Amino acid sequence: MTVGFIGTGAISEAIITGLLTAGNYSGQILITRRSNARSARLVRSFPSITIYDDNQSLVDNCDLVIIAVLPEQCEAVLKQLHFRSTQTIISLVSGTKLSILAPLLSPATKIHRAVPMPPVEIGKGPIPVCPPDPLVEAFFQNIGQVIPLNDEAHFRTFAAGSAVMATFFRWVAENAAWMAAQGVPDDQAALYSASLTEALANLTLAANPQQLQALSQECLTAGGLNEQVLRELEKQDWFAAMNTALDGIMRRLENSSNGK
Ligand SMILES: NC(=O)c1ccc[n+]([C@@H]2O[C@H](COP(=O)([O-])OP(=O)(O)OC[C@H]3O[C@@H](n4cnc5c(N)ncnc54)[C@H](OP(=O)(O)O)[C@@H]3O)[C@@H](O)[C@H]2O)c1
């Protein structure tokens with residue numbers, strides 16, 4: 001199968017790197033000569049990639065088209081292009097609904113949305129796909145955990161749930177920086193914080209939904225250190241603030257017709 005990327009930005013690079021390293025992808029990959037430094041780097045790293053100077057030539061030569069431009073660019077880019085009814089299209093464009101995409105991609109009707117996250121570069125992370133499709137799921141299955149979704153409203157909730165990534169990194173970094181501020185060497189503090197979060201994340205992956213909700217409680221020795229931190233953060237309404245922030249993301253996604 002030949003896959004072509006419209007948009008050679010950060011997420012396209014992560015997917016392509018994942019496919020051609022962790023993913024052992026054996027199909028052909030096409031990109032356009034956009035984001036010059038990035039497209040040149042991709043072709044240098046993976047000489048099997050074919051680079052096109054214009055979007056239409058790329059579309060004409062692939063079976064699966066990935067749309068990975070910014071929301072505000074999407075409509076103008078797609079209006080210029082002609083698709084085939086036999087092609088499968090995956091849009092990664094945030095907030096742009098299937099009902100907006102359909103007329104822009106006609107006569108193609110096999111249209112899907114997906115939200116791969118940057119760790120696909122190392123073959124990891126959730127990839128919500130809506131609506132589900134065997135070809136799309138097979139395409140992503142070696143670079144992450146595909147989550148097939150029939151309901152586009154649920155898909156939107158998953159997209160909102162992805163907004164905690166920067167907060168997570170800040171959390172890990174703050175823990176390391178706090179330890180370093182007490183006089184621990186930077187590299188040891190960073191290693192400790194990263195290694196702890198990796199181990200804890202592995203426990204969450206092994207847990208069912210009920211076990212996941214119980215994990216925090218299970219760490220709480222009465223009068224212990226974990227209990228003290230959790231209770232202080234609860235008193236400062238940390239978790240209520242997180243829920244409020246995610247509600248705000250949902251409202252933003254619900255109100256957007258084109259992802260703004
Ligand atoms: N980054 C993520 O983690 C992530 C995750 C899931 C979904 N997404 C979604 O994926 C989309 C891309 O995100 P991104 O972070 O990869 O953005 P990005 O790094 O800004 O990439 C956008 C790409 O679109 C290209 N582009 C702009 N106009 C174009 C045109 N007329 N024809 C062809 N290419 C054009 C840009 O090229 P130039 O640089 O040459 O202008 C750039 O390569 C967004 O809609 C975003 O919501 C992103």
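**Exercise 1. Into which domains is the protein chain divided?**

Solution. The protein chain is divided into domain 1 (2-150) and domain 2 (163-255). These bounds come from an automatic or database domain assignment. The centres of domain 1 and domain 2, taken over C-alpha atoms, are separated by 32 Å. Residues are numbered from 1 along each chain as its sequence is written. The model is predicted: local features need pLDDT of at least 70, side-chain atom pairs count only at pLDDT 80 or more, and totals for chains, interfaces and linings use all residues.

**Exercise 2. Describe the protein chain as a whole.**

Solution. Start with the extent: the C-alpha trace spans about 65 × 40 × 30 Å along its principal axes. Next, take the secondary structure, where the protein chain has twelve helices and eight strands. Helices (H or I, at least four residues) and strands (E, at least two) are DSSP runs, numbered from the N terminus. Then turn to burial: 26% of the 260 residues count as buried. A residue is buried if 20 or more other C-beta atoms lie within 10 Å of its own, exposed if 12 or fewer, and partly exposed in between, with C-beta atoms placed from the backbone. Last come the contacts (C-beta atoms, placed from the backbone, within 7 Å). Of those with a separation of 6 or more, 55% are between residues 24 or more positions apart.

**Exercise 3. Trace the pairing of strand β2 and its connections.**

Solution. Strands pair if DSSP finds at least two bridges between them. Step one: strand β1 (residues 2-6) runs parallel to β2, and three bridges join them. Glycine 4 has leucine 30 as its bridge partner in β2. From β1 the chain passes through α1 to β2 in a right-handed β-α-β crossover. Right-handed is said of a crossover if, with the strands pointing away from the viewer, the path from the first strand over the helix to the second runs clockwise.

Step two: β2 also pairs with strand β3 (residues 50-52), in the parallel sense and over three bridges. Here leucine 30 stands opposite threonine 50. The crossover from β2 through helix α2 (residues 36-45) to β3 is right-handed.

Step three: four of the five residues of β2 (residues 28-32) are buried, so the strand is largely enclosed by the rest of the structure.

**Exercise 4. Which residues are closest to the ligand?**

Solution. The closest are Gly7, Gly9, Arg34, Ser35 and Ser94, in a shell of 24 residues around the ligand. A residue is near the ligand if its C-beta atom, placed from the backbone, lies within 6 Å of it. α1 (10-20) and α4 (71-79) are the elements that give two or more residues to this shell. By class, the shell has 14 nonpolar, nine polar and one charged residues. Ala, Val, Leu, Ile, Met, Phe, Trp, Tyr, Cys and Pro count as nonpolar, Asp, Glu, Lys and Arg as charged, and the others, Gly among them, as polar.

**Exercise 5. Locate the backbone features in the loops.**

Solution. Begin with the cis peptide bonds. One runs from serine 106 to proline 107, with omega near 10°; proline 107 is in the loop between α5 (98-105) and β6 (110-114). Another joins cysteine 130 and proline 131, with omega about -10°. Proline 131 lies in the loop between β7 (126-130) and α6 (134-140).

Then take positive phi outside glycine. Asparagine 24 has phi near 50° and sits in the loop between α1 and β2. Asparagine 24 is exposed, with 10 other C-beta atoms within 10 Å. Serine 35 has phi of about 40° and belongs to the loop between β2 and α2. With 17 other C-beta atoms within 10 Å, serine 35 is partly exposed.

Conventions
Two residues are in contact if their C-beta atoms, placed from the backbone, lie within 7 Å.
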